[in-house]
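Here are two short exercises, each with a worked solution. Have the viewer open and work along at your own pace.

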Amino acid sequence: MQVNNSEFKPKIVAFCCNWCSYAGADLAGTNRLNYPADVKIIRVPCSCRVNPMFILRAFQRGADGVILCGCHPGDCHYTTGNYYTRRRMTLLFSMLDYLGIEKERTRVEWVSAAEGAKFAATMNDFVETVTKLGENKRLEDLRCKEK
Amino acid sequence: MQREMIERAKALLADGTVNRVIGWKAGEFDYDITPAVFTTAEELDAGFLYNDLCAANLSKYLIKESRKEGKILAFLKPCDTYSFSQLLKEHRIWRDHVYVIGVPCEGKVDVDTVKSKGITGICSMRCDGETVRVETLYGEESIKKDEAMADRCLNCKSKKHVVYDELMGEEGDVLDSHRFDMVEKLENMTPDERFAFWRGELSRCIRCNACRNVCPACTCEKCVFDNDASGIAQKAAVDSFEENMFHIIRAFHVAGRCTDCGECSRVCPQNIPLHLLNRKFIKDIDELYGEYQAGADPDTKPPLNTFTQEDAEPSVIYERGGNK
């Protein structure tokens with residue numbers, strides 16, 4: 001089936017850390033900033049909580065893009081969590097790229113609790129990027145596709 | 001060398017330094033030599049082998065063996081000592097229960113490589129200096145040793161033993177290898193080509209878990225892939241997602257701890273070049289966080305258990321490379 005890109009609505013999973021990015025998303029909401037409803041936010045205690053398996057599972061269950069948001073390096077609620085995230089995710093995304101899976105489908109952004117505008121802008125940009133890429137084909141699980 | 005090793009092992013058994021020996025013994029064929037534990041001088045005489053076909057890395061067996069009564073004598077090749085040292089660093093082996101003798105290695109002959117050169121129906125194999133003589137159903141063939149070695153030995157990273165109690169032969173050096181050449185080649189392909197390449201390789205996976213079971217870095221008592229609730233335990237991968245996931249996660253779990261011993265590729269019954277996944281992580285770590293060889297130095301911090309404030313941002317991967 002040919003997917004018509006003008007109608008294609010990507011599913012985006014956003015892992016947001018409880019202390020910064022989730023509050024940032026909240027701020028974007030209270031400020032009435034628009035970002036696409038296709039972004040599904042999953043709150044995690046810290047960006048460091050996100051296991052590489054979570055990212056892959058999100059793709060398996062039908063996500064077209066996965067974005068991970070955490071506190072700015074140096075501002076982690078748990079002091080150092082996001083520094084580990086940074087190394088881990090760099091390696092994981094590089095590996096996805098190495099296997100030929102579009103690296104634009106994955107992203108890490110640092111969004112603080114005060115950056116509602118940045119949150120909205122990041123999500124708009126990311127959704128646009130993923131919409132251009134189209135449906136996630138290379139890391140999909142056909143059994144999990146909606147009929 | 002084999003004679004010398006048996007004599008030394010017998011002497012250590014006789015004076016009570018050790019009560020068993022881990023080494024290699026013949027399998028059904030010349031080329032499927034298997035690891036084995038010997039407890040008496042007679043057993044050593046009858047079964048102990050060391051030649052250019054003894055490829056197995058013995059360090060992983062020492063996790064369980066070192067927890068038993070008494071000391072065990074282990075013969076380790078240079079690349080095995082890296083794994084051994086890495087396991088010591090992770091407190092997985094009881095050092096005072098192991099007596100390590102470093103043995104030299106000139107590269108191991110790999111039967112799959114020999115077969116890939118068109119030699120089939122192999123009955124027996126013998127390495128004779130620089131030539132490998134193969135007796136096949138269709139007559140005798142010979143092949144240069146360089147052509148009979150797997151990638152891991154052709155691009156040997158080091159002939160140096162990093163840990164030992166005693167050394168047989170000369171002390172070797174760390175070598176300048178070209179082990180990242182293939183990784184670079186893949187990196188320079190377009191994503192479509194890379195995807196096609198890996199699909200071709202990984203789709204052959206039968207999820208036998210041999211790569212995980214043999215890996216000296218995979219030592220968890222409970223493995224994420226044995227979790228019944230995960231839906232991926234004890235079964236073959238049924239679609240491309242599961243194949244990709246298994247191999248990404250397997251390689252990721254040993255990232256920063258993989259010593260690049262190449263056992264995963266050696267044992268793969270489907271000949272998937274799994275070491276290329278591990279090497280990608282090693283190469284990325286080297287490039288982004290500074291040169292790091294797992295197992296080489298007991299005091300360095302593993303790259304994924306540490307960080308610096310100046311680390312590269314994940315966005316670095318969008319900028320790297322030409323075709324990427």
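**Exercise 1: the largest pocket**

The largest pocket holds about 570 Å³ of space. This is a predicted model, where local features need pLDDT of at least 70, side-chain atom pairs count only at pLDDT 80 or more, and totals for chains, interfaces and linings use all residues. Residues are numbered from 1 along each chain as its sequence is written, and side-chain values use heavy atoms, with hydrogens and water left out.

Task: describe the lining of the largest pocket.

Solution.
- Step 1: the lining has 21 residues, and Lys60(B), Cys218(B), Thr219(B), Cys220(B) and Glu221(B) lie nearest the centre of the pocket.
- Step 2: two or more lining residues come from each of α3 (61-65), α10 (210-214) and α11 (240-253) of chain B.
- Step 3: α3(B) gives the largest share, 3 residues.
- Step 4: sorted by class, there are 8 nonpolar, 3 polar and 10 charged residues.

**Exercise 2: helix α1(B)**

Task: check the span of helix α1 (residues 2-14) of chain B, then find which of its residues are buried (under 20% relative accessible area, 1.4 Å probe, protein chains only).

Solution.
- Step 1: at 1.5 Å a residue, the 13 residues should span 18 Å, and the end C-alpha atoms are 18 Å apart, which agrees.
- Step 2: Met5(B), Ile6(B), Ala9(B), Lys10(B), Leu12(B) and Leu13(B) are buried.
- Step 3: these residues cover an arc of only 165° around the axis, so they sit on the same side of α1(B).
- Step 4: after α1(B) comes Gly16(B), with a positive phi near 80°.

Note on methods
Chains are lettered from A and ligands numbered from 1 in the order in which they are written. Helices (H or I, at least four residues) and strands (E, at least two) are DSSP runs, numbered from the N terminus. The expected span of a helix is 1.5 Å times one less than its number of residues. Buried means under 20% relative accessible area, exposed over 50%, partly exposed in between (1.4 Å probe, protein chains only). The arc is that of the directions from the helix axis to the C-beta atoms. On a 1 Å grid over the protein atoms alone, a cavity is a set of points where a 1.4 Å probe fits but cannot get out, and a pocket is an open set with protein on both sides within 12 Å along at least five of seven lines; lining residues have an atom within 4 Å of a point. Grid points are joined across faces, edges and corners, and a volume is the space filled by probe spheres set on the points. Ala, Val, Leu, Ile, Met, Phe, Trp, Tyr, Cys and Pro count as nonpolar, Asp, Glu, Lys and Arg as charged, and the others, Gly among them, as polar.
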